[in-house]
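Work through these exercises with the structure open. Each task is followed by a stepwise solution.

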Amino acid sequence: GEEVVRREQLLEKQKHDEETLRRLQEEREREREIGKEGEKLKREDKLFQLARQKRVMEHSNRAIQEKIDEESRKDKEALAYKNKLHLQRLQQKREQERQKNALKDAVAKMRLTRRWEPPPGIDLQVDIEKLKERAEQLTSRAPDPGRKSVLPSEAAPPPEVPEGSDAEAGAKTDTGDQSEKSEKATPRAPGGLGM
């Protein structure tokens, strides 16, 4: 009786231990699978991050290259424009020199022949009437009362002062030019008094 009970207990314990061992093995297997899956996910994430960084770098490099290309294009355009301006200036300078020499030759020829022949290729059509009109306007312009006179011809003449009056003495001190002329004309006695 006791042995049968003991054997059953041992068998029961053995079954229990085997069941526990089986569950432990299954759990370890699951953990191993989870670990493998985790490693796989980490690798995939790392690859994804590397691919992302690569795309970012490619985009950045592309943007930098585009900027370099744009700057290079602008530099080339600026240089071409500068060269074009330089050539235009050279051509203008040569043309001006040619016209100047042609005019000199025409003037020299006129001195000999007493006849004016405009040089070929130079347009000397001048509107003489307009030039005369403009010259007339400039020379006969009425003085503007609000404008200060610069030319002595436009200045008002000084007021006449009778000789020997007190006003003459005041006029001598007030106007510098007139007083100097008066001083030269009137001899002074020693001590600065008039004679």
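**Exercise 1.** Classify Glu19 as buried, partly exposed or exposed.

*Solution.* Start with the value: Glu19 has 31% relative accessibility in this predicted model. Next, apply the cut-offs: buried means under 20%, exposed means over 50%, and partly exposed lies in between. Glu19 therefore counts as partly exposed.

**Exercise 2.** Find which residue Arg22 forms a salt bridge with, and place the pair along the helix.

*Solution.* First, the partner: Arg22 forms a salt bridge with Glu19. Then the distance: the closest N and O atoms are 2.2 Å apart. The rule asks for a side-chain nitrogen of Lys or Arg within 4 Å of a carboxyl oxygen of Asp or Glu, so a pair like this one qualifies. Now the spacing: Arg22 and Glu19 are 3 residues apart in helix H1, which means a separation of about one helical turn. Last, the accessibility: Arg22 is partly exposed, at 36%.

**Exercise 3.** Describe the salt bridge between Lys13 and Asp17.

*Solution.* Begin with the contact: the two side chains meet at 3.7 Å, N to O. Check the cut-off: the limit is 4 Å, so the Lys13–Asp17 pair passes. Locate the pair: Lys13 and Asp17 are 4 residues apart in helix H1, which covers residues 2–113. That spacing is about one helical turn. Finish with the cover: Asp17 has 40% relative accessibility and counts as partly exposed.

**Exercise 4.** Characterise the salt bridge of Arg73 and Glu70, then say which residues are joined into one network.

*Solution.* Take the distance: the side chains of Arg73 and Glu70 meet at 2.5 Å, N to O. Take the spacing: both lie in helix H1, 3 residues apart, about one turn of the helix. Take the accessibility: Arg73 is partly exposed at 36%, and Glu70 is partly exposed at 32%. Then turn to the network: Glu19, Arg22 and Glu26 are joined by salt bridges that share partners. As for the total, the rule gives 9 salt bridges.

**Exercise 5.** Which residues form a nonpolar patch on the surface, and where does Val107 lie?

*Solution.* List the members: Leu103, Val107, Met110 and Trp116. Add the area: together they have about 300 Å² of accessible area. Place Val107: this residue lies in helix H1. Classify Val107: its relative accessible area is 30%, so Val107 is partly exposed.

Conventions. Residues numbered from 1 in each chain as written. Predicted model: local features only at pLDDT ≥ 70, side-chain atom pairs only at ≥ 80, totals over all residues. Heavy atoms only, no water. Helix = DSSP H or I, 4+ residues; strand = E, 2+ residues; numbered from the N terminus. Buried < 20%, exposed > 50% of the residue type's maximum accessible area, 1.4 Å probe, protein only. Patch = residues over 30% accessible without salt bridge, like charges linked within 9 Å, V, L, I, M, F, W, Y side chains within 5 Å. Areas by Shrake-Rupley, 256 points an atom, 1.4 Å probe, with all protein chains shown as cover.
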